[in-house]
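This report describes selected features of a single protein chain. The account moves from aromatic contacts to strand pairing, and then to a pocket and some individual residues.

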Amino acid sequence: MHGEEYLQTHQKRFDLTIERLQAAGHLKNGDKVLELGDPSEFTEILKERCDVNITNTSTDLRYPIYNSEWHQFDLILCMELIEHIKDQNTSDIDALSVFTGSGIKCMLKECERLLKDDGTLFVSTPNIHCYRVLENWCKNDEIYTYGPHPRELTIQYLEEVLGEYFELEVEHVNCWDCHGTSTEFMEVAKRFLESIGESAENRENGAIFITCTKGSH
């Protein structure tokens, strides 16, 4: 889904991303920015609003990025992408039977290598703990916020795998009005969660923004 429909769906996320990165000093005029993946609608918006030098990738991100012309970046953007990264190909039958995160870990290691010491990796990804997923489960529908995703990642997993390489600042954000979940369902689900002693915090927020810095790693 790209083009006008994609832009309409993600415009709020784009706006919030730029707003937060600029406010925190992670996105400044003159920065060298690496956007993981092909150029997108966000690429054009960023070029229009900021005087930055943007580079995109065109290789399989499960494996090391080899480009002798690339130098360290001020900002790396991993937006709505980490949930698409599958494991590396392997002939190990044990590894084939489970998700190992080998592709994700390789990508993050490359991000750490390509970032300046004071640079930032910004990750955005769907919140699998939101009400939309619970509603999908109740309706016997696709379990993820977006059915075609090969895998959506829990906040626990994200904090663990990103925390191997970076210091993290995590924010749950309402970009899509909880992916269209009805207010009635959210109210009922909230009461249910509270009745069994589970937290309803951030369930209405359909996206996770994670700001990653090298810190003491």
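A residue is called buried here when its relative accessible area is under 20%, and exposed when that area is over 50%. The structure is a predicted model, and every value below was computed from it.

**Aromatic contacts**

By the definition just given, W70 and F73 are both buried. A search of the whole structure finds 5 aromatic pairs. One of them joins F14 to F42 in a tilted arrangement, with 5.2 Å from centre to centre and 50° between the planes. This pair connects distant parts of the chain, since F14 belongs to helix α1 (residues 4-23) and F42 to helix α2 (residues 41-49), 28 residues apart. F14 counts as buried because its relative accessibility is 2%, below the 20% limit. F42 likewise falls in the buried class because its relative accessible area is 1%.

W70 and F73 form an edge-to-face pair, in which the ring centres are 5.9 Å apart and the planes meet at 90°. F73 has a further contact: K32 lies over the face of its ring, at 5.3 Å from the ring centre.

**Strand pairing**

Strand β3 (73-79) has 7 of its 7 residues buried, and it is therefore largely enclosed by the rest of the structure. Two strands pair with β3 in the parallel sense: β1 (residues 32-35) does so over 3 bridges, and β4 does so over 6 bridges. Within the first pairing, L34 stands opposite I76 of β3. Within the second, L75 has T120 of β4 as its bridge partner.

Strand β4 (residues 115-126) also pairs with β6, to which it runs antiparallel, through 7 bridges. In that pairing S124 stands opposite F209 of β6. Strand β5 (residues 167-173) is joined to β6 by 7 bridges as well, again in the antiparallel sense, and E169 stands opposite T211 of β6. Strand β6 itself (residues 207-213) is mostly covered, with 6 of its 7 residues buried. In a regular strand, the side chains point alternately to one face of the sheet and to the other.

The pairings are collected below.

| Strands | Sense | Bridges | Opposed residues |
|---|---|---|---|
| β1 and β3 | parallel | 3 bridges | L34 and I76 |
| β3 and β4 | parallel | 6 bridges | L75 and T120 |
| β4 and β6 | antiparallel | 7 bridges | S124 and F209 |
| β5 and β6 | antiparallel | 7 bridges | E169 and T211 |

**The second largest pocket**

Rolling a probe the size of a water molecule over the atoms reveals where empty space remains. The second largest pocket holds about 160 Å³ of space. Its lining consists of N127, H129, I155, Q156, H172, S199, E201, N202 and R203. Which kinds of residue make up this lining, nonpolar, polar or charged? The lining residues comprise 1 nonpolar, 6 polar and 2 charged.

**Backbone and individual residues**

Two residues in the loop between β5 and α7 (183-195) deserve a note on their backbone angles. C178 lies in this loop and has a positive phi of about 55° although it is not a glycine. C178 counts as buried because its relative accessible area is 1%, under the 20% limit. H179 lies in the loop between β5 and α7 too, and its phi is near 55°, also a positive value in a residue other than glycine.

Is K86 buried or exposed? K86 is exposed, because its relative accessible area of 52% is over the 50% limit. K86 is placed in the loop between β3 and α3 (93-96). The C-alpha atoms of K86 and I104 are 7.2 Å apart in space, while the two residues are 18 residues apart in sequence.

M107 is found in helix α4 (residues 102-114). M107 is buried because its relative accessible area is 2%, under the 20% limit. Along the chain M107 and I82 are 25 residues apart, and their C-alpha atoms are separated by 8.9 Å.

Methods: Residues are numbered from 1 along each chain as its sequence is written. This is a predicted model: local features need pLDDT of at least 70, side-chain atom pairs count only at pLDDT 80 or more; totals for chains, interfaces and linings use all residues. Side-chain values use heavy atoms; hydrogens and water are left out. Buried means under 20% relative accessible area, exposed over 50%, partly exposed in between (1.4 Å probe, protein chains only). Helices (H or I, at least four residues) and strands (E, at least two) are DSSP runs, numbered from the N terminus. Two strands pair if DSSP finds at least two bridges between them. Rings of Phe, Tyr and Trp (its six-membered ring) pair if their centres lie within 6.5 Å; planes under 30 degrees apart count as stacked, over 60 as edge-to-face and the rest as tilted. A charge sits over a ring if NZ of Lys or CZ of Arg is within 6 Å of the ring centre and within 35 degrees of the ring normal. On a 1 Å grid over the protein atoms alone, a cavity is a set of points where a 1.4 Å probe fits but cannot get out, and a pocket is an open set with protein on both sides within 12 Å along at least five of seven lines; lining residues have an atom within 4 Å of a point. Grid points are joined across faces, edges and corners, and a volume is the space filled by probe spheres set on the points. Ala, Val, Leu, Ile, Met, Phe, Trp, Tyr, Cys and Pro count as nonpolar, Asp, Glu, Lys and Arg as charged, and the others, Gly among them, as polar.
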